[in-house]
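Trainee: Could you take me through the pockets of this model, and then through its aromatic rings? I would enjoy a close look.

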Amino acid sequence: MKKVRTRYAPSPTGFLHIGNARSALFTYLYAKHYNGDFIIRIEDTDVLRNVEGGEESQLKYLTWLGLEWQESPDKGGPFGPYRQLERLELYQKYANILLEKGLAYKEYREDSDKFAIRFRVPENKTYEFDDIVRGTLRFESKEVEDWILMKDNGIPTYNFAVVIDDHLMEITDVLRGEEHITNTPKQMMVYEAFGWDIPRFGHMTIIVNEERKKLSKRDKNVIQFIQEYEEAGYLPEAMFNFISLLGWSPGGEEEILSKDEIIKLFDPSKLSKSPAMFDKVKLGYINSRYIKMLDDNILKDKAKVFFDKANIQIKDDKWLLNLVKLFKDRMSYVGEIVELYNNFFHHEFNLNEEELNVLKEFNSEEMLLTFEKLLSDLNDFTHDAINDAIKETGKITNTKGKPLFMSLRIATTGDMHGPSLPMTLELLGKDEVLNRIKLTIKLQRGGL
């Protein structure tokens, strides 16, 4: 049995999109599951649409996602070159062979010596193949007109170049989007014309948004490009995990899987025949799980990047580490820490009628005065010392549970619920906390 060789062949006409990333990732998983080779080839013959930096972006963000390849324009390899514009002589060579065999013909432009080369489509022939995803598919040659192999400028068309490249690079399996299904019979014609083995084809379903409409680059409700996910603070391991579930099921209930686990479990027969829904809630959940698994110091360093971007001054590394610990369980992406910071530490402290009524219901004034005194006496305003002061306040005032914790939280944060209170107060700082308690007592007494 031949060694499995797959390829991802993007055009450098834009940056790495979520749909292309999925094609690349499934192609990578297919190769790795069968201990094969994964190749990257750049299809750059659409010169007018190529964008500067397009190829670099593709390779950079495939690397960021965790994909590794054996051959590519940047790595080289035994079947190069790996850019189509550097292979034009090869396409011309094989087009000439088809002309000599009478399987293609020249079509001259009017009043010109320039000509395109068209493939002569066989008559009354059925093209059938066993699609990895969809099962048996059939096409009749009468549904396909003679098509252009080589344009009059010497550039090959997609359906011709892809066959020459895949054959010469010994590609055994091709996974691609369903929009390529109708290209397959044309490509089979070329394989058969040369007497070459035809690779296994698999056509993945489209990705749809939450309204079940095809994901479009104009869809503003979904982040479209992998670069944007990196810039928002999504983790590459989480993105790899999430994208692998867009049209494939590992079986079982656990969906948080490492790259190695996904490679081991990957089974092309479990690729979905139905469109894959891009579920933003699921992405947030998966990414939050990966954030929770991160070492606190690593997360702190990642968070610092976002504070620097937002021009937020942080006191010191220890303060930032405590902030990260406080919000770690609440982040669905790392950049969200700026929003969490602003909500908790920059909103103006005030109490609404409902919160004042809660304090009144719990007869909290004595409790607040006791807590204020204990905090004032602290030399080290740490979360451990604050936690001890909370417990001591409960003992002195014979208060516990909700009346104790909710009253102290309202009086110091202005909220009834939130993350760890001792950690929050340490981050707020002693002076700010004491000022808030004093203000709360005044408000309770009808002051201001």
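**Pockets and rings**

Mentor: Happily, and let me start with the second largest pocket: its lining has 5 nonpolar, 2 polar and 5 charged residues. Keep in mind that this is a predicted model. The residues around this second largest pocket are M1, K2, D166, H167, E170, I171, T172, Y191, D197, I198, P199 and R200, and the space inside comes to about 250 Å³.

Now turn to the largest pocket, which holds about 1,200 Å³ of space. Its lining counts 42 residues, and those closest to the centre are S11, N20, E179, H180 and K217. Sorted by class, the lining of the largest pocket has 15 nonpolar, 16 polar and 11 charged residues. Which elements supply at least two residues each of that lining? They include β1 (5–8) and α1 (18–33), and also α4 (158–168) and β8 (173–177). Helix α1 gives the most, with 6 residues.

That brings us to the rings. Searching the whole structure gives 18 aromatic pairs. One of them joins F26 and F266: the ring centres are 6.0 Å apart and the planes stand at 45°, so this pair is tilted. It links distant parts of the chain, since F26 belongs to helix α1 while F266 lies in the loop between α8 (259–265) and β11 (276–277), 240 residues apart. Are these two rings buried or exposed? F26 has 0% relative accessibility and therefore counts as buried; F266, also at 0%, counts as buried too.

Another pair is made by Y94 and W196, with 5.5 Å from centre to centre and 75° between the planes, an edge-to-face arrangement. Here too, distant parts of the chain are linked: Y94 sits in helix α3 (residues 88–101) and W196 in the loop between α5 (184–194) and β9 (200–204), 102 residues apart. The relative accessible area of Y94 is 11%, so Y94 is buried, the cut-off being under 20%. W196 is buried as well, with a relative accessible area of 14%.

Going back to F26 and F266, look for W248 in your view: ring pairs link F26, W248 and F266 into a cluster. So what sits over the ring of Y127? The charged end of K125 does, 5.4 Å from the centre of that ring.

Methods
Residues are numbered from 1 along each chain as its sequence is written. This is a predicted model: local features need pLDDT of at least 70, side-chain atom pairs count only at pLDDT 80 or more; totals for chains, interfaces and linings use all residues. Side-chain values use heavy atoms; hydrogens and water are left out. On a 1 Å grid over the protein atoms alone, a cavity is a set of points where a 1.4 Å probe fits but cannot get out, and a pocket is an open set with protein on both sides within 12 Å along at least five of seven lines; lining residues have an atom within 4 Å of a point. Grid points are joined across faces, edges and corners, and a volume is the space filled by probe spheres set on the points. Helices (H or I, at least four residues) and strands (E, at least two) are DSSP runs, numbered from the N terminus. Ala, Val, Leu, Ile, Met, Phe, Trp, Tyr, Cys and Pro count as nonpolar, Asp, Glu, Lys and Arg as charged, and the others, Gly among them, as polar. Rings of Phe, Tyr and Trp (its six-membered ring) pair if their centres lie within 6.5 Å; planes under 30 degrees apart count as stacked, over 60 as edge-to-face and the rest as tilted. Buried means under 20% relative accessible area, exposed over 50%, partly exposed in between (1.4 Å probe, protein chains only). A charge sits over a ring if NZ of Lys or CZ of Arg is within 6 Å of the ring centre and within 35 degrees of the ring normal.
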